[in-house]
Each structure stands twice: as structure tokens, then as C-alpha cells.
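Let's walk through one helix and then the place where two chains meet. Have the model open beside you as you read.

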Number of protein chains: 2
Amino acid sequence: MIQWIAFDADDTLWHSECYYHDAQQRFLEILSPYLPDGVRGLDVLHEIEIRNLPDFGYGIKGFGISMIEAAIHVSGGQIIGSEIQKIVEVAREMIHHEIRLLDHVQETVESLAASHPLMLITKGDLMDQERKIQGSGLRNYFQSIEIVSDKTALTYRALFQKYQINPEAFLMVGNSMRSDIMPVIDLGGWGVHVPYTITWAHETVQEKPANPDRFFELEHLGPLPSLIAEIIRQAR
Amino acid sequence: MIQWIAFDADDTLWHSECYYHDAQQRFLEILSPYLPDGVRGLDVLHEIEIRNLPDFGYGIKGFGISMIEAAIHVSGGQIIGSEIQKIVEVAREMIHHEIRLLDHVQETVESLAASHPLMLITKGDLMDQERKIQGSGLRNYFQSIEIVSDKTALTYRALFQKYQINPEAFLMVGNSMRSDIMPVIDLGGWGVHVPYTITWAHETVQEKPANPDRFFELEHLGPLPSLIAEIIRQAR
């Protein structure tokens, strides 16, 4: 009965999407001399990001390459190198942004680590995710850290096998319905959705989970320990 | 006595550096209209690659961004977007190259997997390394697969702790003295160096291991099972 509690990292434990949002604004400023009326730069960027996912995966490096390709596309190939260098710098600065924990994360993680093994499951660039885990100060609360290239049912099934976890004893907390919640509930686990202020369009889904008994939504991580205690009480 | 046998992947099990070499040649062709006499494009690229390692890490995406920055630098910022798009395509094609095993790899890995747990330890982009492991057909011979952001003594020490390995019972096989051999021998393990035809300058070191009794060199993986059998025999 809830033996493992797993957390997504970006936008669940610490701010991340806001840095992508800021980067997009700077991308649009750099692009403004080339942006013809009627062409929406962010739409082009978003299309190229999605197209690039199978090649470059999640994370800042792939996002940087997508910004470069979008700038070239929108400018009809005319943007010059010195402007593209500015886009590279936008990506590089993203890698050095400070790690800011979300509200109630520190005390909630600390409290749950005392009663359960915690797992961190995050996708993105390996080195960048390691840097953020290190910078968060939370590393020692997690018994296992898994940096994965994607979060599908296959990913979770492989983790269940690796750690010999019964899905009914696994609860995942995250801000993405698509990556953190739906696949876990589909496999028979528990999902706690904690929406972030901004959600990347790619991570939103319209459906609701097939098994709503195992699905919860919280505004922030504060009430998570009480929710888990209640789930365990009801199961007795 | 040799409980774990670990392998590097790129240029130890399958060809990799040759694709970087080809990409560099195409980079120079794209850059040729901008390359002033006396400026050696590959030197600039190499400097930028090394400078970018702490930010972008190992792998094709970081290499692609470094090619773009080198092209901008060498052209004095004047290279235009459509030429940079060609560089992006060079990086994208690298991600889709076929997986070609090195000679004697298939039978050696198959044979050793029958007597020892095998570990794969590789650095680079997560998704790209997973694609190569999958494409190699070798996945099932490895009991553990570790994709890491760098291979230093710290990395190996963390793996020894994770798997409860005594370094004296750990033998690492790889083409890079810097990443595969020196740190393992420094920690008290065994190293088998199998040089690849081309070695990235960053991975070469001049020194020899401090403990030459635990260091071996082979031309290819063919004699590895006999070498390991001999090590085990002598230790009895």
C-alpha cells in the first residue's frame, strides 16, 4: 500500500517552464527584424520543437537547436550568424539559471522521505538534470534518481521491473498529465497532479484518467503528506 | 576476482568517432567560402567544443551547437541562416547513422556474458545512446546499462557504491585512456585499453597508469576472453 512515492522534477519541485517562456520572449526580440506580419514566430518554433523531439529529445540543447532552426525558417534563411549567436547565448544562459524550489517543496519532500523511499523521475538533458538535482539541495532525500529520455507507459513499466515495484504501491506526483499521471494510472498506479502556472502545450492532454479513484489534484505540494496518509488509512 | 566486466560503448563496441570525423569534413566544406587563409576551422571547432563541454556535455547535440558557433566565429558573424541550416542537418544525420559493431565484438560479448555480469558504461546524449544500444542488438547481454554525463573517478566510485562492487573485482574495457582506463586503475580496478583508429584529441592522455600490473592493451576485442581467463588463473 503506497510503498514508493515518485516525483517529477521540472515544474513539480522547481521552476523550469518559466525559463523556457523567458527564452521564447528573447527569441522573438532577436527575430523581430525578420518577422514578417502574419507569421507567428512561436507557432513555428513550437512546430519545429515537436518535429525535433524524436531526434533531439527533451531539454535545453534540443530547444536551442529548435530556436535556431525556427529563426532560419522565419527569416527565409537570411538571418545572419551574429544574430544566431545571440540565440545560442539564450540557450547557454538557460543552463545556468538558478534553481528555485516551488512553494512547500522543501518541507513536503523532507517529511515524506522520513516515511517512504522517494524516487525522482525526470526527463531532459542528462548533465542539465544532474546540475539541477545537485543545485536543489534535495538529492539526499531521494533513494533513487532516474533521468529518462521520455516518460511513457513503457518507461514506467521498465522502472517497476527494475525496482520490483507493484504498480498499486506506486504513487507519482507531477505537473504533466501526459508524462507523470496518465501512464502511471493506466498501469494501475496512483497519480497526484499538481499543475504549474505555465504548461508547455505538448504536455497538456484533454482526457481524464480512466481510473479516477486513483487520481488526485493539488494546487501545491503542501497537502501531499495528509493526502497520502488518508489514502493509506482508507486502504486499511 | 573479476566479478564484473564493464564496457565503454562508442568506439569500443561500435563505430562512432568516424561519424564525427565525416561531420567535420562536411562542416569544412560548408564553411569554405568563409574560411580566411590561415584560420584553421577545425582548431576553432575543437576549442569551442572543449569550452562548451561544461555547459552542453558530450554527444551530438552539443557537438552540433559547437559547429554552429565555430561557423559563426570563423565567418566573423557573417555566415547566413541557410548555411547554418546545413550544419544542423549534418548533426541530424549523425543521429540517424547506422550502428556498425567493431570486429569481434558480437562473439566476445556473447561469450563473456555467459560467465560474468556485464555492464555498459557510456557517456553522451541520453536518447542517442539509448538508440545506439537498441540498434546494436547487444542490449540483452548487459545486466546493467549506465548512461552517464562524464567518466571520472567520481563516476566510477559512485557506480562501485551503487552496485556494491569491490574495485579489485571490476575490469573496464574501452578505447579512451582518459575516460575508461586511468580512473578505473587509479581506484584499484583493472583496465583493458582497445584503441580505436581515430581518437578525439580530448580523450588522449600521455601518462601511463600508475599500476601497470592491472593494465593491458589489445588491438581488438577478440583475445579478451582469453586475457580475462589468464588474469583469473594467475590470481588463484
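The buried residues of H1(A) pack against three helices of chain A: H2 (41–56), H3 (60–74) and H4 (81–95). Among those buried residues (under 20% relative accessible area, 1.4 Å probe, protein chains only) are Tyr19(A), Tyr20(A), Phe27(A) and Leu31(A). Helices here are DSSP runs of H or I with at least four residues, and strands are E runs of at least two, numbered from the N terminus. H1(A) covers residues 17–31, and its end C-alpha atoms lie 21 Å apart, which agrees with the 21 Å expected for 15 residues at 1.5 Å a residue. That expected span is 1.5 Å times one less than the number of residues.

This is a predicted model, where local features need pLDDT of at least 70 and side-chain atom pairs need 80 or more, while totals for chains, interfaces and linings use all residues. Residues are numbered from 1 along each chain, chains are lettered from A, and side-chain values use heavy atoms, without hydrogens and water.

Now for the interface of chain B and chain A.

| Interface item | Value |
|---|---|
| Buried area (accessible area lost, 1.4 Å probe, summed over both parts) | about 2,900 Å² |
| Contact residues (heavy atoms within 4.5 Å), chain B | 36 residues |
| Contact residues, chain A | 36 residues |

Of the buried area, 61% is on carbon and sulfur atoms. The rule finds six salt bridges across the interface, each a side-chain nitrogen of Lys or Arg within 4 Å of a carboxyl oxygen of Asp or Glu. In one salt bridge, Lys61(A) meets Asp125(B) at 2.7 Å, N to O.

Methods: Buried means under 20% relative accessible area, exposed over 50%, partly exposed in between (1.4 Å probe, protein chains only). Buried area is the accessible area (1.4 Å probe) that two parts lose on being put together, summed over both.
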